Amino acid sequence: MSDAQMLDHDDILERAAAWKESGDDVALATVVSTWGSSPRPVGSRLAIRGDGQFIGSVSGGCIEGAVVSEALGAMEDGKTRVLDFGVTDEMAWEVGLACGGEISIFVERLD
Amino acid sequence: MKLTTIKALNDARNNGKSALLYSDLESGAETLTVEGEGTGDIELTPAMREAAERAHNEDRGRVVETDGRRIFIQVFNPPRRLIIVGAVHISQPLVPMARLAGYDVTVIDPRGAWATPERFPDIEIDSRWPDDALEDLKPDTRTAVVTLTHDPKLDDPALTVALRSNAFYIGALGGRKTAGKRRERLTEEGFGPDDFARIRGPVGLDIGAVSPAEIAVSIVGQITETLHRPERAAA
């Protein structure tokens, strides 16, 4: 991962900790692995707050909605989730994974 | 993730320490290691440690499957460093370019006339002698060192310390003649052909760079190549 992305992470992890400390429910979603052409590398992440607000990114924007809804589920039941998104070339443009590819995302609650 | 883990991780990062986070993708158990010291629920196996070492060196996280568990290893390394010896004309564009490429940049030059705030408005110049400064900065496997003064009194002491370190890239300004004389001097200091092979000179990729900014591009390019395509860089 590049340093620019790490700085990016920094911010997300600091924000996640700050949200949690001020009493909000928080979950983290992190790119665990990618195959083919995927817009965001391993380690890219989202921090999601209980009210649905989020920062960061795990894709070009196409799967964030689905990830946020699973994250809200993880806040409810405390269980981790691994979400797999596979995208065919024809579909790729529509969902924003520019050249097709697959992406696997780990979702966990901040306790 | 536990709040205590995320806070310890943020602390490590704010203090420039390198950290690894192991997460069990099913149970959510985790262990954080900061410069090798671990805390958490996952007992680290040799397979995990081996995968973590590769992840650390390549700066890239990965999943390791071991004993029926899937462990996600994340890498949090401090920025790579570039140490420039010489507050010279080339250094002026090299500082911002290297920063954009993600490096934490230091410029060393004990000569007050060169190291002025007018020439280097947004970086503080380290005005110690290059060998003293480098001994203190301790170049490691995530550090590149470039000497640009063209003055053996400054470049040689810097190269002496750099060659004894694990710096992943060492570049030195100067053509064939300069390099030949430098080799003679460094031989007297006890260095040999393996050491000279580590010094990239004339510094920078051969892209016909003329202006200071173009030379800076060639240097950043060569450092990048050494980092990501070491086999090609060595050829």
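A residue is called buried under 20% relative accessible area, exposed over 50% and partly exposed in between, with a 1.4 Å probe and protein chains only. The model on screen is predicted, so local features need pLDDT of at least 70 and side-chain atom pairs count only at pLDDT 80 or more, while totals for chains, interfaces and linings use all residues. Residues are numbered from 1 along each chain as its sequence is written, chains are lettered from A and ligands numbered from 1 in the order in which they are written, and side-chain values use heavy atoms, with hydrogens and water left out.

Select Glu14(A) to begin, which sits in helix H1 (residues 3–21) of chain A, helices being DSSP runs of H or I with at least four residues, numbered from the N terminus. Because its relative accessible area is 31%, Glu14(A) counts as partly exposed. Beyond its neighbours within four places in sequence, Glu14(A) is in contact with Asn10(B) and Asn14(B), contact meaning heavy atoms within 4.5 Å.

Move next to chain B and display helix H3 (residues 91–100) with helix H8 (residues 212–228), whose axes come within 8 Å and cross at roughly 40°; axes are lines fitted to C-alpha atoms over the stretch in contact, with angles from 0 to 180 degrees between N-to-C directions. On the H3(B) side, the residues making the contact are Pro93(B), Leu94(B), Met97(B) and Ala98(B), and those of H8(B) include Ala216(B), Val217(B) and Val220(B).

Methods: Helices (H or I, at least four residues) and strands (E, at least two) are DSSP runs, numbered from the N terminus.
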